[in-house]
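This report goes through one protein chain, from its overall fold down to single side chains. The sequence and the structure are shown first.

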Amino acid sequence: MPQNRFETAHSTLWKKLRPTFDHVKPRSKGGPDTPENLQLAHARCNKIKGNR
């Protein structure tokens, strides 16, 4: 996972590959904002996963 946008070839790649917090159990389904319920995911993967 890239640490910053300068490690990617183009800014659109950074937009897709940037690290985001993903809730293991989605907030929409009652998941908490605790460290145990968070994981890192690429922005694109997190968007595809949605609230599953």
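The sections below cover the fold, the salt bridges, the surface and several polar residues.

## Fold and overall dimensions

The model is predicted. Two helices and two strands make up its secondary structure, and they follow the order α-β-β-α along the sequence. The radius of gyration is 12 Å, well over the 10 Å that the globule rule gives for 52 residues, so the protein is more spread out than a compact globule. The C-alpha trace spans about 40 × 20 × 10 Å along the principal axes.

Of the 52 residues, 23% are buried. Among contacts with a separation of 6 or more, 33% are between residues 24 or more positions apart.

## Salt bridges

Side chains of opposite charge can pair when their charged atoms come close. How many salt bridges does the model contain? The count is two.

One of them is formed by the side chains of Lys49 and Asp22, with an N to O distance of 3.2 Å. This pair connects distant parts of the chain, since Lys49 belongs to helix α2 (residues 43-49) and Asp22 to strand β1 (residues 19-23), with their positions 27 residues apart. Lys49 has a relative accessible area of 22% and is therefore partly exposed, because the limit for a buried residue is under 20%. Asp22, at 4% relative accessibility, falls under that limit and so counts as buried.

The side chains of Asp33 and Arg27 form a salt bridge as well, at 3.7 Å from N to O. Are these two residues buried or exposed? Both Asp33 and Arg27 are exposed.

## Surface and nonpolar patch

The accessible surface of the protein is about 4200 Å², and carbon and sulfur atoms account for 56% of this area. A nonpolar patch on the surface consists of Met1, Phe21 and Leu40, which together have about 350 Å² of accessible area.

Phe21 is part of strand β1. Its relative accessible area is 60%, so Phe21 is classed as exposed, the threshold being over 50%. Strand β1 thus holds both the exposed Phe21 and the buried Asp22.

## Asn46 in helix α2

Asn46 is located in helix α2 and, at 17% relative accessibility, counts as buried. Which residues does Asn46 touch, not counting residues up to four places away in sequence? They are Thr20, Phe21, Asp22 and Ala41. With Thr20 there is also a polar contact between the side chains, at 3.1 Å.

Asp22 therefore has two links to helix α2 described here: the salt bridge with Lys49 and the contact with Asn46.

## Lys16 and Arg18

Lys16 sits in helix α1 (residues 11-17) and is partly exposed, with a relative accessible area of 47%. Leaving out residues up to four places away in sequence, Lys16 touches His42, Ala43 and Arg44. The C-alpha atoms of Lys16 and Glu36 are 24 Å apart in space, for a sequence separation of 20 residues.

Arg18 is in the loop between α1 and β1. Arg18 is also partly exposed, at a relative accessible area of 35%. Outside its neighbours within four places in sequence, Arg18 contacts Ala41, His42 and Ala43. His42 and Ala43 appear in the contact lists of Lys16 and Arg18. The Arg18 side chain reaches the backbone oxygen of Lys15 at 3.4 Å. Arg18 and Asn4 are 14 residues apart in sequence, with a C-alpha to C-alpha distance of 7.5 Å.

## Asn37 in the loop between the strands

Where does Asn37 lie? Asn37 is in the loop between β1 and β2 (38-42). With a relative accessibility of 7%, Asn37 counts as buried.

A polar atom of the Asn37 side chain lies 2.8 Å from the backbone oxygen of Pro32. Not counting residues up to four places away in sequence, Asn37 touches Asp22, His23, Val24, Lys25, Gly31 and Pro32. Asp22 is thus in contact with Asn37 as well as with Asn46.

Terms used
Residues numbered from 1 in each chain as written. Predicted model: local features only at pLDDT ≥ 70, side-chain atom pairs only at ≥ 80, totals over all residues. Heavy atoms only, no water. Helix = DSSP H or I, 4+ residues; strand = E, 2+ residues; numbered from the N terminus. Buried < 20%, exposed > 50% of the residue type's maximum accessible area, 1.4 Å probe, protein only. Contact = heavy atoms within 4.5 Å. Salt bridge = Lys/Arg side-chain N within 4 Å of Asp/Glu carboxyl O. Patch = residues over 30% accessible without salt bridge, like charges linked within 9 Å, V, L, I, M, F, W, Y side chains within 5 Å. Areas by Shrake-Rupley, 256 points an atom, 1.4 Å probe, with all protein chains shown as cover. Rg over C-alpha atoms; globule rule 2.2 N^0.38 Å. Polar contact = N/O pair within 3.5 Å; in protein donor to acceptor, adjacent residues only side chain to side chain.
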